[in-house]
Amino acid sequence: MRHVDLSDVQLASSQTARRINRDILLELIRTNEPISRAGLSRQSGLQRSTVSQIVEQLIREKWVCEGGVASPPRGRRPTLLELNDDLVAIAVDIHPRQATVATIDLKGRLLSRSLVALSSAPATSTRLMTECMQRMRQSLPRKSIEGIGISLPGRIDPETQRLIFAPNLHWPDFDLKGVIEETMGLPVKMENAATASLLAELTFRRIDGVRDIVMVSVSEGVGTGIFANGQLISGHRGMAGEFGHVTLDPAGLLCSCGRRGCWETFASCRAATRYFMDLQPQCKAITFQELLNLADEGDQHAVQALAKQASYIGRGLQLIITALSPSLILVAGDIMPAWHRFGSIIEKEATMHLLGGTLPRILPTHEGEIARLRGAAALVFQRLSAHEQR
Ligand SMILES: [Zn+2]
């Protein structure tokens, strides 16, 4: 018998059914465009009249537009439907020292991108970002900017949409959403960077049929986004997925979260540069990008440092596999350019000593940092999804 949570009962109404059908048709248009109304009816199994009604609604809401005309061998030439690429989101990907601001259309295409250097003062950083957003908005006068999506290295309370845990950002409590909404006059949605990357994969890349995915983002820190039993998991106050702050060694190094020996202190890109410095103490401090370059040039200490990081990433993945048993683990973040050399170490460590069942597939995300931007855009385009309309 199926468990029903009586504190959250929502009886299925005809409105609910219509909303679900609307989301299905929108998804069919996204994946099959250009497509006719008859084609939608065939693919969805919905009656032609229902399809026509919902399509008219989608056209009114500007999600869909009528494009070219099909050329069937005989009969009437149907008008084809496609996503309206005049709908654009401003996507922001915030890192501790810089942010990328971009515009992305409903089809997931990147229209423009710009880097903004950030300071430790959130008000100044926010002003620099909104100035960049305004320049981008002015450069696209013919597009309809729907909103702003922000991906962040932290957790956001789903109720208040305020940052509640962002140890690598070092920003005190600051109403980022409120300030940007007021300055730009647009709605703002925020999400953890790993969850945003996962949302991008679910929205713009076809991974239908996979119901258990964990996205692991490895950059300054280690973040995860969880899709379990076909649902994005946020947990109580949005804090689910902080595997990066599970203690592996209570006597280990102090972590940015205040605890010691978290997985992140062993597996992040900062850990890799530290491993390199340990092997070559006389060397000046280097960035992770410089470490990758050195490894490409054949520097053995750089290769060893990255291999050690990869091995710790893999060990931490054992935690995730044991806890959630995903069928797919996607890895994203600054580590991606080194995947061809270190991915096999990650896989080997992750799949050692497993309890049973089938090994999960462990894959790099195709697009690295673009995934976080597309995820931020997807937050905006989800505004009318079934979940948002409750
Ligand atoms: Zn920590």
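Select Y312 together with W263, F266, A267 and Y275, which Y312 touches once residues up to four places away in sequence are set aside, a contact here being heavy atoms within 4.5 Å. This is a predicted model, in which local features need pLDDT of at least 70 and side-chain atom pairs count only at pLDDT 80 or more, while totals for chains, interfaces and linings use all residues. Residues are numbered from 1 along each chain as its sequence is written, and side-chain values use heavy atoms, with hydrogens and water left out.

Y312 sits in helix α10; helices (H or I, at least four residues) and strands (E, at least two) are DSSP runs numbered from the N terminus. With a relative accessible area of 17%, Y312 is buried, where buried means under 20% relative accessible area, exposed over 50%, and partly exposed in between, with a 1.4 Å probe and protein chains only. If you also display T265, you will find its C-alpha atom 9.6 Å from that of Y312, although the two are 47 residues apart along the chain.

Stay on α10 and move to Q318, which is found in that helix. Leaving aside neighbours within four places in sequence, Q318 is in contact with E349, A350, M352 and H353. For a longer span, draw a C-alpha to C-alpha distance from Q318 to L202: the two are 23 Å apart in space and 116 residues apart in sequence.

Next, go to S325, in the loop between α10 (300–324) and β13 (328–332). S325 has a positive phi of about 45° although it is not a glycine, and its relative accessible area of 52% makes it exposed.

Now select helix α11 (residues 339–350), which holds H340. H340 is exposed, its relative accessible area being 62%. A polar atom of the H340 side chain lies 3.2 Å from the backbone oxygen of P337; a polar contact is a pair of N or O atoms within 3.5 Å, and within protein one must be able to donate a hydrogen and the other to accept it, with residues adjacent in sequence counting only if both atoms are side-chain atoms. Add P364 to the selection, which is 24 residues from H340 in sequence and 9.4 Å from it in space, C-alpha to C-alpha.

The following stop is R237, in the loop between β12 (231–233) and α7 (263–267). R237, like S325 before it, is not a glycine and yet has a positive phi, here of about 55°. At 44% relative accessibility, R237 counts as partly exposed.

Turn then to the N-terminal part of the chain and select the loop between α1 (14–32) and α2 (37–44), where S36 lies. P34 is found in this loop between α1 and α2, and a cis peptide bond with omega of about -10° joins E33 and P34. S36 is buried, with a relative accessible area of 10%, and, not counting residues up to four places away in sequence, S36 touches P78, T79, L80 and L81.

Continue into α2, where R37, G39, L40 and S41 are buried. To see what surrounds them, colour α1, α3 (48–60), β1 (64–69) and β2 (79–83), against which the buried residues of α2 pack. After α2 comes G45, whose phi is positive, near 80°.

Finally, zoom out to the whole chain, which has twelve helices and 14 strands. The C-alpha atoms fill a box of roughly 75 × 50 × 50 Å along the principal axes. The radius of gyration of the chain is 23 Å, which agrees with the value near 21 Å for a compact globule of 390 residues; the radius is taken over C-alpha atoms, and the globule rule is 2.2 Å times the number of residues to the power 0.38.

Buried residues make up 48% of the 390 residues, and, among contacts between residues at least 6 apart in sequence, 61% join residues at least 24 apart. If you switch on a surface, the accessible surface comes to about 19100 Å², of which 51% belongs to carbon and sulfur atoms; accessible areas come from the Shrake-Rupley method with a 1.4 Å probe, and for residues only the protein chains shown count as cover.

Colouring by charge picks out 44 positive and 40 negative side chains, the centres of the two sets lying 5 Å apart. Lys and Arg count as positive and Asp and Glu as negative, while His and the chain ends are not counted, and each charge is placed at NZ of Lys, CZ of Arg, CG of Asp or CD of Glu.
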